[in-house]
Amino acid sequence: MSRSAREYDESDIRVRPSRRGSRPRTKDRPKHEDAVTARVVSVDRGRWRTIVEEGSETEHAVTAMRARELGRSPIVPGDLVGLVGDISGRDGSLARIVRIQERSSFLRRSADDDDPTERPLVANVDLMVMVTAVADPEPRGGMIDRCLVAAYVAGIDALLVLTKTDLRSPDSFLTAYAPLGLEHLRTRRESPEEAAESGHPGPPGIVGLEDLRELLSGRVSVLIGHSGVGKSTLLNALVPGTDRAIGVVNDVTGRGRHTSSSALAMPLPDDDGWVIDTPGVRSFGLGHVDPDELLEAFTDLAELAERCPRGCTHLEDAPDCALDAQVEAGAAGTAGPARLLSYRRLATALRKNDPWEL
């Protein structure tokens, strides 16, 4: 007699438990409606230093980490973010950044013109302050042109601050930018006679500092410039107690040493705005800029280019380009030839991945 077939029931079923648990997956993310708004002031090794309750008597600093749901979204000084968790600011406490508020501006650069990888710098600024020494180190117009392009693309205003004007007159250098209507300011150290007459204690002050303070009033500004041009000196005067390290210029290369290793947002006295210091840069790549945006940033040349044939690249080898004749005739002012050369260098770099020295 053959053995009858066994009848199975649910007790015979073996289910291997999931290592991830039985919690069902969902695409819905928590809304974090209780998140507290904070301003990011610095970034250091995966931790963000923020300020909560800004401008109030209970304003304090909170260290935070990025929430997993934000992925790899960049968070930079100037960002306004939402915090949850421990926002007491006590030693050892750690909050979570769960939201990045919509930005009014986002300033970026790349390492080189042939590197399309964006390097976010700062967010929510409305003024870029380009700090350039007229001597020691020598000024580099290419750096200013690149910063102007980045500012144009980000939709922020620009201010040129010329330092060390006691060493050399900036007049000849300004001929390339004054016709553009670019706002500029001159600063220098007080002479011993001026310092003695002012009667204030300590080292000589900075002539032009009060004018700069007035232009920064009520705004969020970012300072950009080569190392050694005097950014840290200006910041230490604008925000007493900051104590940003002051660098020196290498006698051989003529370039400054990096003294600031990371961007830092600092409140101006009397809650009169914010100023963000950035590390001294030796290059300001525009690999993230669309070549078609570049000409629009050179507003003085963009108007003249309307006379060019359709599809004109405006490079030196472009047939029938109208820029050369108009610039030669003075339509772009005394700065025209230098500006056209600068534009073409940048355009060549962006179109042919051929970076050029600043």
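Q: Which residues line the largest cavity of this predicted model?
A: In this predicted model, the lining of the largest cavity consists of Met130, Val131, Thr132, Arg140, Met143, Ile144, Cys147, Ile224, Gly225, His226 and Val229. Strand E8 and helix H1 (141–154) are the elements that give two or more residues to this lining. The space in the largest cavity is about 60 Å³, and the structure holds two cavities of 30 Å³ or more.

Q: What makes a lining residue of the largest cavity nonpolar, polar or charged?
A: The residue type decides: Met, Val, Ile and Cys count as nonpolar, Arg as charged, and Gly as polar. On that basis the lining divides into seven nonpolar, three polar and one charged.

Q: Why is asparagine 124 called buried?
A: Buried means under 20% relative accessible area. Asparagine 124 has 13% relative accessibility and therefore counts as buried. Asparagine 124 is placed in the loop between strand E7 (119–123) and strand E8 (127–133).

Q: What makes the approach of the asparagine 124 side chain to the backbone nitrogen of serine 104 a polar contact?
A: The cut-off for a pair of N or O atoms is 3.5 Å. The side chain reaches that nitrogen of serine 104 at 2.8 Å, and the backbone oxygen of glycine 78 at 2.9 Å. Beyond its neighbours within four places in sequence, asparagine 124 is in contact with residues including Asp79, Leu80, Glu102 and Val220.

Q: How do you know that helix H5 (residues 231–238) is mostly covered?
A: Six of the eight residues of H5 are buried, namely Lys231, Ser232, Thr233, Leu234, Leu235 and Leu238.

Notes. Residues are numbered from 1 along each chain as its sequence is written. This is a predicted model: local features need pLDDT of at least 70, side-chain atom pairs count only at pLDDT 80 or more; totals for chains, interfaces and linings use all residues. Side-chain values use heavy atoms; hydrogens and water are left out. Buried means under 20% relative accessible area, exposed over 50%, partly exposed in between (1.4 Å probe, protein chains only). Helices (H or I, at least four residues) and strands (E, at least two) are DSSP runs, numbered from the N terminus. A polar contact is a pair of N or O atoms within 3.5 Å; within protein, one must be able to donate a hydrogen and the other to accept it, and residues adjacent in sequence count only if both atoms are side-chain atoms. Contact means heavy atoms within 4.5 Å. On a 1 Å grid over the protein atoms alone, a cavity is a set of points where a 1.4 Å probe fits but cannot get out, and a pocket is an open set with protein on both sides within 12 Å along at least five of seven lines; lining residues have an atom within 4 Å of a point. Grid points are joined across faces, edges and corners, and a volume is the space filled by probe spheres set on the points.
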